[in-house]
Amino acid sequence: MTKQFLLDGQPVPFEDGQTILEAARKAGHYIPSLCWHQDFPPHGSCKLCIVKAAGRHVSACATPAKEGWEVESNTPEMNGERRGLLQMLFVEGNHFCPSCEKSGNCELQALGYEYEMLTPRFRHFFPERPVDASHPDMLLDFNRCIFCELCVRASRDVDGKSVFALTGRGIHKHLTVNAESGRLADTDFSKDDLAARICPVGVILPKGRGFTVPIGERTFDTETIRSRTLKEEKS
Amino acid sequence: MSALPATPTAALDGVLQRHGHCPTELLQILIEAQDLEGWLPAQTLTHIAQSLHIPRSRVEGVAGFYSFLYTQPVGRYRVLFSDNITDRMLGNTELMDALCRKLWIEPGKLSEDGLVSIATTSCTGLCDQGPAMLVNGRAIGQLTHRRINEIAEMIRQQRPLELWPAEYFQIGDNIRRKDSLLNLDMKPGAALAAVIELGREGWLQEVQKSNLRGRGGAGFATAVKWASARNASGEPKIIVCNADEGEPGTFKDRVLLNSYADLVFEGMTLAAWAVGASEGFLYLRGEYRYLMPQLEAVLTRRREAGLLGHHILHEPCFDFDIRIHLGAGAYVCGEETALIESLEGKRGTPRIRPPFPVTKGYLGRPTVVNNVETLAKTCLIALAGGEAFAASGTAQSAGTKLLSISGDCAEPGIYEYPFGVPIARILEDCGASDTQAVQVGGASGVCLAGYEFQRRIAYEDVPTAGAFMIFDGSRDLFDVARAFVHFFAHESCGFCTPCRVGTSLLQGFMDKLADGHGAKADLADIDWLDRLLKNASHCGLGSAAPNPVIDTLQKFRPAYERRLVSLDFEPAFDLDAALAEARQLTARDDPGAHLHTHEEEEK
Ligand SMILES: Cc1cc2nc3c(=O)[nH]c(=O)nc-3n(C[C@H](O)[C@H](O)[C@H](O)COP(=O)(O)O)c2cc1C
Ligand code: SF4
Ligand code: SF4
Ligand code: FES
Ligand code: FES
């Protein structure tokens with residue numbers, strides 16, 4: 001007998017060690033994520049995947065499923081919290097989507113639509129985060145970083161370079177690169193690194209390739225993040 | 001030190017050498033490297049990274065995390081005013097202003113000659129003898145205007161700290177009430193001899209019988225924790241004594257380490273015997289660095305007496321030793337998994353749990369993390385047995401509890417009570433009068449109002465890690481809550497979205513209210529943020545951060561409502577305040593240099 005838990009009242013089978021998020025998506029139920037990536041261990045920082053399991057809030061991406069659990073995910077309460085978290089991520093950085101090269105391919109933006117985020121709700125922080133255009137092939141626009149550490153993990157664990165790291169603490173936390181000068185050009189970063197393609201938002205961008213796909217025809221312009229994610233992960 | 005000449009590489013290499021070029025020692029290396037020049041220039045970080053064969057980005061990541069590590073120049077005299085609410089109540093703000101004026105500098109800025117910088121820091125654990133400060137890491141309490149004058153003069157004369165009056169650096173214990181633990185006069189090794197006699201299994205059973213629960217906050221059963229680590233696979237096993245004591249208003253571990261260090265180290269060794277551990281760490285908060293020399297001396301003495309090291313008390317299979325690791329100004333490192341990250345020389349970010357430290361802790365090994373007081377208490381159990389220990393206190397809270405009492409009372413200091421003592425009794429004993437509220441358990445604890453003073457200190461009623469801050473009728477509880485909100489925003493590690501952004505947003509709302517721009521709608525947003533922080537945060541810091549606001553909103557609501565302008569929405573932006581810099585630059589403060597806000601017009 002396979003084990004199962006209930007997600008919003010529907011049975012979801014799982015194998016030992018599988019997280020709530022993995023099992024749910026495999027069974028065709030969407031739970032959102034930003035810092036989670038199928039090729040890496042869970043990170044647990046964005047909290048978009050928050051669900052209520054047996055009455056307690058947990059991160060679905062980091063919590064192993066348990067037999068018989070009742071898990072609430074697609075409810076007004078949880079979706080309201082997710083909308084709030086998205087609003088926090090938007091006001092914390094400087095996200096001006098209309099002029100962002102990632103617009104339409106950006107997971108943060110797509111989730112904003114998915115969770116009907118109509119206003120930023122909170123005051124903007126307007127942090128000062130200068131752009132690094134020093135590298136010949138790639139541009140870093142720190143204004144949009146959501147600290148998922150996917151670039152950090154990809155560069156360290158796959159590319160073997162540790163080009164990126166986080167420094168600072170709390171609201172002053174920020175991304176830094178592996179050079180005394182602080183310039184990307186002075187690292188061994190290459191446009192062929194995994195870290196160059198993994199950012200879910202518009203921080204790490206290729207140079208000289210602006211708007212090759214017109215806005216309106218991009219990934220999330222034609223398909224919601226919900227249906228796209230489910231398609232990708234069922235396969 | 002500030003306008004540095006060449007990096008003193010030889011000295012830096014000495015530091016690296018002493019730590020065996022080991023990356024897990026990175027935080028300790030950075031702390032000592034900083035001692036050389038007063039701060040950490042970019043080339044120093046590069047040199048450290050190269051010598052340890054780790055990416056520079058990792059070194060920069062760690063250096064940027066801890067409040068006491070500086071990647072920008074600071075003064076040769078680095079003055080940090082302790083900024084707990086109890087320091088504020090004793091006038092630290094005026095004292096800091098006075099010192100800044102006398103030395104012609106602005107808070108947070110470095111004087112042009114690089115001589116001095118002055119800033120605030122989170123609670124330094126001297127609330128019983130505040131207002132307090134740290135000068136180049138050394139603690140000074142009982143600040144007065146007279147002391148500030150003298151300090152200003154000595155800084156101006158560039159007198160070395162060693163030549164400052166010795167009484168400045170005297171930190172008293174202020175023990176006011178003793179019970180079983182503080183009355184214990186144990187010959188070092190006596191408890192160890194007793195448990196070796198019992199055998200590991202027998203000793204664990206005694207701890208089980210004692211019903212000892214952790215004194216660090218969560219109240220977890222100590223025997224269960226020890227048994228889990230003992231049964232977990234992986235060697236060598238680790239015992240960590242958590243002496244981070246960052247909770248505002250708590251200072252009992254400081255006193256235990258100052259005057260009862262043998263009990264603490266013996267407790268760690270007793271834990272090692274039960275668990276089968278061979279390595280120990282004392283994680284000492286940076287604020288208590290001044291205790292290092294005397295603690296090292298106790299360790300040396302214990303090694304010489306055969307109470308640490310190989311074959312402890314001639315027991316063939318009992319090897320255990322203890323190293324002291326320093327923190328560097330990060331409250332979150334009191335959280336046990338963040339502490340372990342920090343021990344490994346990393347940023348103090350809490351881990352995902354499970355796995356718990358008892359199965360996978362320091363370097364993936366089974367690790368017990370216990371509070372200083374918890375460990376000291378195990379000596380009592382070893383000497384008198386578990387049942388005797390369980391006989392005092394209440395049904396679910398065995399034994400005694402050390403309370404760190406500060407704020408509005410005649411006799412602040414350390415009080416040891418059996419669990420079950422009512423709040424009212426404590427207030428009477430410490431000479432508090434006209435008490436409006438008590439904050440029990442520190443910023444993350446609970447705020448009790450007068451009608452609750454018959455409640456008792458116990459896990460089943462009012463649990464506490466030890467802080468007990470008293471506020472009399474003259475205090476404004478909104479200011480108290482706001483100070484704690486600022487504390488959490490400053491100490492958030494920044495890992496998870498709700499805490500990183502939410503504590504800053506909450507701080508913004510509290511400041512908006514304080515500035516007289518609050519609206520009813522803000523209270524609704526505050527409520528919503530409180531709930532999100534509680535529910536969605538990754539660790540206990542974020543989920544406790546809204547506590548002071550939740551409690552005071554419920555129990556002292558008028559303190560908030562007083563501050564609302566009766567509108568549904570008020571912008572946080574203050575036009576007049578925005579002109580402050582222009583006024584300062586033009587040295588004007590006449591009415592013509594001010595914009596009138598509508599509140600004033602309404603009057
Ligand atoms: C933000 C935060 C800070 C903490 N700070 C401390 C501390 O300074 N000292 C401490 O003993 N426990 C602290 N704790 C609790 C520890 O995580 C852990 O539960 C405790 O050290 C276990 O020891 P005990 O079982 O002896 O209580 C803190 C927890 C959190 C969430
Ligand atoms: S740059 Fe992109 S991938 Fe890297 S931490 Fe920021 S958001 Fe994540
Ligand atoms: S709750 Fe706060 S302190 Fe804890 S992990 Fe999240 S950001 Fe860090
Ligand atoms: S996806 Fe789970 S916390 Fe980010
Ligand atoms: S549109 Fe999301 S970061 Fe640019």
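**Figure 1. Salt bridges between chain B and chain A.** In this predicted model, three salt bridges are counted between chain B and chain A. One to look for pairs the side chains of A:R121 and B:D525, with 3.0 Å from N to O. Polar contacts join the two chains as well: 24 residue pairs are counted, both partners having pLDDT 80 or more.

**Figure 2. The side of chain B that touches chain A.** Five helices of chain B each give two or more residues to this side: α3 (42–52), α4 (56–63), α18 (477–491), α19 (497–514) and α20 (520–536). Of these, α19(B) gives the most, with nine residues. Sorted by class, the side of chain B that touches chain A holds 17 nonpolar, 17 polar and seven charged residues.

**Figure 3. Contact and buried area between the two chains.** Here 41 residues of chain B are in contact with 38 residues of chain A. About 3,200 Å² is buried between chain B and chain A, and carbon and sulfur atoms give 58% of that area. Do pick out B:F495, B:R500 and B:W528: they supply 18% of the area that chain B buries against chain A, more than any other three residues.

**Figure 4. The shell around ligand 2.** The residues around ligand 2 come from chain A, and among them are four cysteines, A:C145, A:C148, A:C151 and A:C199. Also in the shell are A:I146, A:F147, A:E149, A:L175, A:P200, A:V201 and A:V203. By class, the shell has 10 nonpolar residues, no polar ones and one charged.

**Figure 5. Two cis peptide bonds in chain B.** The bond from B:E235 to B:P236 is cis, with omega near -15 degrees. You will find B:P236 in the loop between α10 (222–231) and β6 (237–243) of chain B. Another cis peptide bond joins B:R353 and B:P354, where omega is about -5 degrees. B:P354 sits in the loop between α14 (336–343) and β9 (367–371) of chain B.

**Figure 6. Positive phi at A:S162 and B:E245.** For background, most residues other than glycine have a negative phi. A:S162 has a positive phi, near 50 degrees, and lies in the loop between α4 (150–158) and β7 (164–167) of chain A. With a relative accessible area of 11%, A:S162 is buried. In chain B, the phi of B:E245 is positive too, near 25 degrees, and this residue is placed in the loop between β6 and α11 (252–259). B:E245 is buried, at a relative accessible area of 8%.

Terms used: Residues numbered from 1 in each chain as written. Chains lettered and ligands numbered in written order. Predicted model: local features only at pLDDT ≥ 70, side-chain atom pairs only at ≥ 80, totals over all residues. Heavy atoms only, no water. Contact = heavy atoms within 4.5 Å. Buried area = accessible area lost by both parts, 1.4 Å probe. Salt bridge = Lys/Arg side-chain N within 4 Å of Asp/Glu carboxyl O. Polar contact = N/O pair within 3.5 Å; in protein donor to acceptor, adjacent residues only side chain to side chain. Helix = DSSP H or I, 4+ residues; strand = E, 2+ residues; numbered from the N terminus. Nonpolar A, V, L, I, M, F, W, Y, C, P; charged D, E, K, R; others polar. Near = heavy atom within 4 Å. Buried < 20%, exposed > 50% of the residue type's maximum accessible area, 1.4 Å probe, protein only.
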